[in-house]
Amino acid sequence: MNDLIIRKFESHKGFEEAELLWKIKFDTIRQVNRRDYSQKLVTAWAPTEQAPKGWQERVTLMDPFIAELSGKLVGFADLQPDGYIDHFFCHLEHQGQGVGSALMKTLIQTAKVKGLGKMYSHVSITAKPFFEHFGFLSVKAQEVEVRGEILSNFVMEKKLNAASC
C-alpha cells in the first residue's frame, strides 16, 4: 500500500470525481452490504436513479477525504465539524487491504487536531466490526426508513483523548 494517498476531495475536478465516489458507494452497498441486507433494501439504499448533480453538491458539502491508489479512487470518508462520519466507503475490490484503516486513521487524527471530544456515525451491520476495531462502541441499534424500506444499523461513537488511535 505504498502507493496509497489520502487527500481531500478536489471540487474543481467536479462531476468526474463525484461520479467515481458515487460508483464506489453504489457498488459497495449493492455488492458488499448485500451480505447483511436484502436485495430490496440495498436497491432502495443505492438507487440507480441517483441524480449526479445533487450528488456532486452533497460531496462538495461533505468535503471528504479520498483514498487514491496508483491514481485510482478506492475509497472515501468524511468527518463533519461535530465529529459525525456521514460516509465511509471502500471500493469493493480493495476491502481488507488497508484502505479503510488509512481513511479511519486520517479521520481520527483530524478529529484530534480539531479538538473534538468524540466521533460518531450510523454504522451498517457490515461495517460494525471495522468500526469496533477502531474503538467505536455501539450506543444503540436503530431502524431507519430508506425509500420505504427499513434499514437496521447502529449509532456508534468513539471518545477521543490523546492516547486513542
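Strands β2 (residues 65–69) and β3 (residues 72–77) run antiparallel to each other and are joined by five bridges. That pair is a good way into this predicted model. From there you can follow an open sheet of four strands, ordered β1-β2-β3-β5, then a second open sheet of four strands, ordered β4-β6-β8-β7. Helix α4 is worth keeping in view along the way, as α4 touches β1, β2, β3 and β5 and also lies across β4, β6 and β8.

**The sheet with β2 and β3**

- Within the β2–β3 pair, F65 sits opposite A77 in β3.
- The pairing in this β1-β2-β3-β5 sheet is antiparallel.
- β1 (4–8) and β5 (88–90) are the edge strands, and each has a single partner strand, so one side of each has no neighbour in the sheet.
- On average, neighbouring strands here are turned by 25° against each other, if you ignore direction.
- α4 packs on this sheet, and its direction makes about 155° with that of β5.

**The sheet with β6 and β8**

- Here the order is β4-β6-β8-β7, and the pairing is mixed.
- β4 (84–85) and β7 (137–146) take the edges; each has a single partner strand, so one side of each is left without a neighbour in the sheet.
- The parallel part includes β4 and β6 (residues 118–124), which pair over two bridges.
- Y84 faces Y120 in β6.
- β6 and β8 pair in the antiparallel sense over seven bridges, and V123 stands opposite F154 in β8.
- β7 and β8 also run antiparallel, with nine bridges joining them, and E143 is found opposite S152 in β8.
- The hairpin of β7 and β8 has two residues between its strands, and R147 takes a positive phi near 45° there.
- Helix α4 (residues 99–113) crosses β4, β6 and β8 (149–159), running at about 150° to β6.

**A closer look at β8 and E157**

- β8 is mostly covered, with eight of its 11 residues buried.
- One residue to look up in β8 is E157.
- Is E157 buried or exposed? Its relative accessible area is 17%, and buried means under 20%, so E157 counts as buried.
- The side chain of E157 makes a polar contact with the side chain of K159, at 2.9 Å.
- Leaving out residues up to four places away in sequence, E157 touches K118, M119, Y120, G135, F136, L137 and V139.

**The nonpolar cores**

- The largest nonpolar core has 26 residues, and the ones touching the most other members are I85, F88, M104 and M119.
- β2, β3, β5, α4, β6 and β8 are the elements that give two or more residues to this core.
- Which element gives the most to this core? That would be α4, with seven residues.
- F88 has contacts with F76, A77, G100, L103, M104, L107, F130 and F131, leaving aside its neighbours within four places in sequence.
- There's also a second, separate core of 21 residues, and its members include F9, I24, V42 and A46.

How values were computed. Residues are numbered from 1 along each chain as its sequence is written. This is a predicted model: local features need pLDDT of at least 70, side-chain atom pairs count only at pLDDT 80 or more; totals for chains, interfaces and linings use all residues. Side-chain values use heavy atoms; hydrogens and water are left out. Two strands pair if DSSP finds at least two bridges between them. Contact means heavy atoms within 4.5 Å. Axes are lines fitted to C-alpha atoms, for helices over the stretch in contact, and angles run from 0 to 180 degrees between N-to-C directions. Buried means under 20% relative accessible area, exposed over 50%, partly exposed in between (1.4 Å probe, protein chains only). A polar contact is a pair of N or O atoms within 3.5 Å; within protein, one must be able to donate a hydrogen and the other to accept it, and residues adjacent in sequence count only if both atoms are side-chain atoms. A nonpolar core is a set of buried Ala, Val, Leu, Ile, Met, Phe, Trp, Tyr and Cys residues joined through side-chain atoms within 4.5 Å.
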